[in-house]
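Student: Hi, I have just opened this one and would like to be walked through it. Could we take it topic by topic?
Tutor: Gladly; let us start once it is on the screen.

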Amino acid sequence: MSEITGVALDAMGGDYAPAEMVKGAVDAINRSKRVKVFLVGREEAIHGELGKYTYDKDRIRVVNATEVIETAEPPVNAIRRKKDSSIVVGMKLVKSGEADAFVSAGSSGAILVGGQTLVGRIKGIERPPLAPLIPTAKGVSLLIDCGANVDARPSHLVQFARMGSIYMEHVIGVRKPKVAIVNIGAEEEKGNALVKETFPLLKELTDINFTGSIEARDIPYGEADVIVSEAFAGNVILKLYEGLGAVLVSKIKDGMMSSLRSKIGALLVKPALKETLKQFDATEYGGAPLLGLKGLVVKTHGSAKAKEISNSIIQCITFKEQQIYEKIMTCIQTESVSGE
């Protein structure tokens, strides 16, 4: 059997903690025997939720953490002052090597700060990006960065492209993934100063399949497997994507219930429609990994429920087994040597 992947889960983070976190953890270990979960948080509350389920007690361990970092707290101060918070304790499990990954639906700022200061960056990585998978007509694409680095430089985007390409090839299984940079037109001369400076640098790379610019309207069609962006534009794309998807699903449901004829039609197409809409459900793809760290840190939606948490835990197995950390480290070391 494959080596067990240890995942530290922030049981106190998110809108539905700890109930949905615990439920997701139990579901994950029931789905795969290759994972064990450290539920980090207030142990009395966690044990109260665990008592509702039947599970392999050897593969869930409760790690007590008495404090919780709230979303509104300044991230740097929170990480420094709340040493016994579920985020800090969970990340320290990764830093010590006791756990392979950390998953949280908690404060984005605290997760970004803690990832860099507690888990630590791979040597040579300038800025770790958040990289969620987004659904497209052809499957999924990786959007990198979606929120970690608002004021990125060209060298940051180059590293994003390389790390994103490694992730898509070895975790998602896309051979020679197509890499494109977000732009306002397909022509090379278009774009702001950052895009214009980054474009020729990406063209020079021989270890990625760079295909040029991609406009936002082409993203849902799956025209690129890795979509490179600085965090401001990336976050706008992600939030618009999620909001528009939710509105369309709601409108489709309303339309199907609008008359007797439409209700009859809905019954006929329901199985096929359900399968199609499932492909555009963000919870199916787990969380967004913070790439470029010495261990895996995954940020899920604050509103994440058990299914998203379970999928986020399961994605950590592939990350470890495909040695993504080692591949990124080798890639960056090669870049450093070639740049000397």
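Tutor: Before anything else, please keep in mind that this is a predicted model. A good place to begin is Leu 240, which is located in helix α8, the helix that covers residues 231–256.

Student: Is Leu 240 buried or exposed?
Tutor: Leu 240 is exposed, because its relative accessible area is 58%, and a value over 50% is what exposed means here.

Student: Which residues form a nonpolar patch on the surface?
Tutor: That patch is made up of Leu 240, Leu 244, Leu 248 and Ile 252, and together they offer about 370 Å² of accessible area.

Student: What about charge, which residues gather in a patch of positive charge?
Tutor: On the surface, the positive patch brings together Arg 80, Arg 81, Lys 83, Lys 92, Lys 95 and Lys 294. At least two of its residues come from α3 (75–81), and at least two come from α4. Arg 80 belongs to helix α3, and with a relative accessibility of 57% Arg 80 counts as exposed.

Student: You mentioned α4, so how many of its residues are buried?
Tutor: Of the 11 residues in α4, 8 are buried, and therefore this helix is largely enclosed by the rest of the structure. The buried ones in α4 are Ser 86, Ile 87, Val 88, Val 89, Gly 90, Met 91, Leu 93 and Val 94. Just after the helix α4 comes Gly 97, with a positive phi of about 90°.

Student: Which residues other than glycine have a positive phi?
Tutor: Two to look at are Lys 176, where phi is about 50°, and Gln 323, where phi is near 55°. Lys 176 sits in the loop between α6 and β7 (178–182) and is exposed, at a relative accessible area of 53%. Gln 323, by contrast, sits in the loop between α10 and α11 and counts as partly exposed, at 43% relative accessibility.

Student: Why point those out?
Tutor: Because most residues other than glycine have a negative phi, and, in a similar way, most peptide bonds are trans.

Student: Then where is a peptide bond cis?
Tutor: One of them runs from Ala 17 to Pro 18, with omega near -5°, and Pro 18 lies in the loop between β1 and α1 (19–31). Another runs from Ile 144 to Asp 145, with omega near 20°, and Asp 145 lies in the loop between β6 and α6.

Student: Changing topic, how many salt bridges are there?
Tutor: The whole structure contains 14 salt bridges. One of them joins the side chains of Glu 3 and Lys 320, with an N to O distance of 3.3 Å. Glu 3 is in the segment before β1 (5–10) while Lys 320 is in helix α10 (residues 306–321), so this pair ties together parts that are 317 residues apart in sequence.

Student: And how accessible are Glu 3 and Lys 320?
Tutor: Glu 3 is exposed, at a relative accessible area of 59%, whereas Lys 320 is partly exposed, at 22%. Glu 3 and Lys 320 also belong, along with Asp 100, to a network of salt bridges.

Student: What does Arg 61 form a salt bridge with?
Tutor: The partner of Arg 61 is Glu 98, and their closest N and O atoms are 2.5 Å apart. This pair links distant parts of the chain, with Arg 61 in strand β3 (residues 60–64) and Glu 98 in the loop between α4 (86–96) and β4 (101–104), 37 residues apart. Both count as partly exposed, Arg 61 at 39% relative accessibility and Glu 98 at 37%.

Student: One from the inside now: what is Thr 198 in contact with?
Tutor: If we leave aside its neighbours within four places in sequence, Thr 198 is in contact with Pro 154, Leu 157 and Ile 181. Thr 198 is part of helix α7 (residues 193–204) and counts as buried, at 0% relative accessibility.

Student: Last one, where is Met 329?
Tutor: Met 329 is in helix α11, which covers residues 324–339, and is partly exposed, with a relative accessible area of 26%. The C-alpha atoms of Met 329 and Leu 273 are separated by 42 Å, and these two residues are 56 residues apart along the chain.

Notes. Residues numbered from 1 in each chain as written. Predicted model: local features only at pLDDT ≥ 70, side-chain atom pairs only at ≥ 80, totals over all residues. Heavy atoms only, no water. Salt bridge = Lys/Arg side-chain N within 4 Å of Asp/Glu carboxyl O. Helix = DSSP H or I, 4+ residues; strand = E, 2+ residues; numbered from the N terminus. Buried < 20%, exposed > 50% of the residue type's maximum accessible area, 1.4 Å probe, protein only. Contact = heavy atoms within 4.5 Å. Patch = residues over 30% accessible without salt bridge, like charges linked within 9 Å, V, L, I, M, F, W, Y side chains within 5 Å. Areas by Shrake-Rupley, 256 points an atom, 1.4 Å probe, with all protein chains shown as cover. Lys, Arg positive; Asp, Glu negative; His and termini not counted. Charge placed at Lys NZ, Arg CZ, Asp CG, Glu CD.
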